[in-house]
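Could you take me around this model, stop by stop, as I click through it in my viewer? Please tell me what to select next and what I will find there.

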Amino acid sequence: MTLSDTETNTDMEHFQSYLSTHLDVHVVETEILNVGLNRIIRIGTPENPNEYVVRQPTSARTDSGFIDAATEFKVMERLESTDAPAPNAIHFCADESVLGTPFSVIEFVEGAGIHWGESLPPGQQTPQARERLGTLLVDTLTHLHTVDVDQFVDICERVRPKEQVGPNLAPLAD
């Protein structure tokens, strides 16, 4: 079974069976919440309708500026030992027969998402709310950049900032 980037109404029986087996929980519901840079699928169990989230990169993440799903999962696992605000990494699936491409399962974190190409949620559109959101984003990124990078050496390629600027600015010139 392969999901296209825009597919949102799919029989998930095989997928739910896979998750139940590999997460050792009874998955009773799956729902595609969003499709953008990642397909986001909510996973529900009898105890918690928002137990987990699946993150599956879509074809929009083909740019060299993105890391692959396996590396992203390993980074999230390493972030668990820090005080950086990130959901816990639960499971990684490299088996493309499950959803067509690799995906990760992370814990569900309550909050409003800001999705690729969409306006801010209604409660975030005032100048004061946008300022709070921008400040929170900068503060969170600042905090992430204080994490000791030594624990990521074996999974992330070190690229000097000067080397990153060119490729990332090139698409903006078009």
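Start by selecting Leu172, which counts as exposed because its relative accessibility is 67% (buried means under 20% relative accessible area, exposed over 50%, partly exposed in between, with a 1.4 Å probe and protein chains only). Leu172 sits in helix H5, residues 161–173; helices (H or I, at least four residues) and strands (E, at least two) are DSSP runs, numbered from the N terminus. Add Val165 and Leu169 to the selection, and with Leu172 you have a nonpolar surface patch of about 300 Å² accessible area together. Such patches are made of residues with over 30% relative accessible area and no salt bridge, nonpolar side chains (Val, Leu, Ile, Met, Phe, Trp, Tyr) being joined within 5 Å and like charges within 9 Å. The areas come from the Shrake-Rupley method with a 1.4 Å probe, and for residues only the protein chains shown count as cover.

A word on what you are looking at: this is a predicted model, in which local features need pLDDT of at least 70 and side-chain atom pairs count only at pLDDT 80 or more, while totals for chains, interfaces and linings use all residues. Residues are numbered from 1 along each chain as its sequence is written, and side-chain values use heavy atoms, leaving out hydrogens and water.

Now zoom out and colour by secondary structure. You should see five helices and five strands, in the order α-β-β-β-α-β-α-β-α-α from the N terminus. The C-alpha atoms fill a box of roughly 45 × 40 × 40 Å along the principal axes. Of the 174 residues, 31% are buried.

Next, select Asp24, in the loop between helix H1 (13–23) and strand E1 (29–35). Its phi is near 55°, a positive value in a residue other than glycine. Asp24 is exposed, at 70% relative accessible area.

Then show the charged side chains. Side chains of opposite charge can pair when their charged atoms come close. The whole structure holds four salt bridges, each being a side-chain nitrogen of Lys or Arg within 4 Å of a carboxyl oxygen of Asp or Glu.

Select Arg42 and Glu29, a salt bridge whose closest N and O atoms are 3.1 Å apart. Arg42 lies in strand E2 (residues 38–44) and Glu29 in strand E1, so this pair ties together parts 13 residues apart in sequence. Is Arg42 buried or exposed? Arg42 is buried, with a relative accessible area of 8%, whereas Glu29 is partly exposed at 35%.

Keep Arg42 on screen and add Glu31: here the closest N and O atoms are 2.9 Å apart. This pair again links strand E1, home of Glu31, to strand E2, home of Arg42, across eleven residues. Glu31 is partly exposed, with a relative accessible area of 37%.

For another bridge, select Arg78 and Asp154, whose side chains meet at 2.8 Å, N to O. Arg78 lies in helix H2 (residues 69–79) and Asp154 in the loop between H4 and H5, so the pair ties together parts that are 76 residues apart in sequence. Arg78 is partly exposed at 26% relative accessible area, and Asp154 is exposed at 61%. Back at the earlier stop, shared partners join Glu29, Glu31 and Arg42 into one network of salt bridges.

Finish at Thr135 in helix H4, residues 127–144. Thr135 counts as partly exposed, at 39% relative accessibility. Draw a C-alpha to C-alpha distance from Thr135 to Leu33: it spans 26 Å, with the two positions 102 residues apart in sequence numbering.
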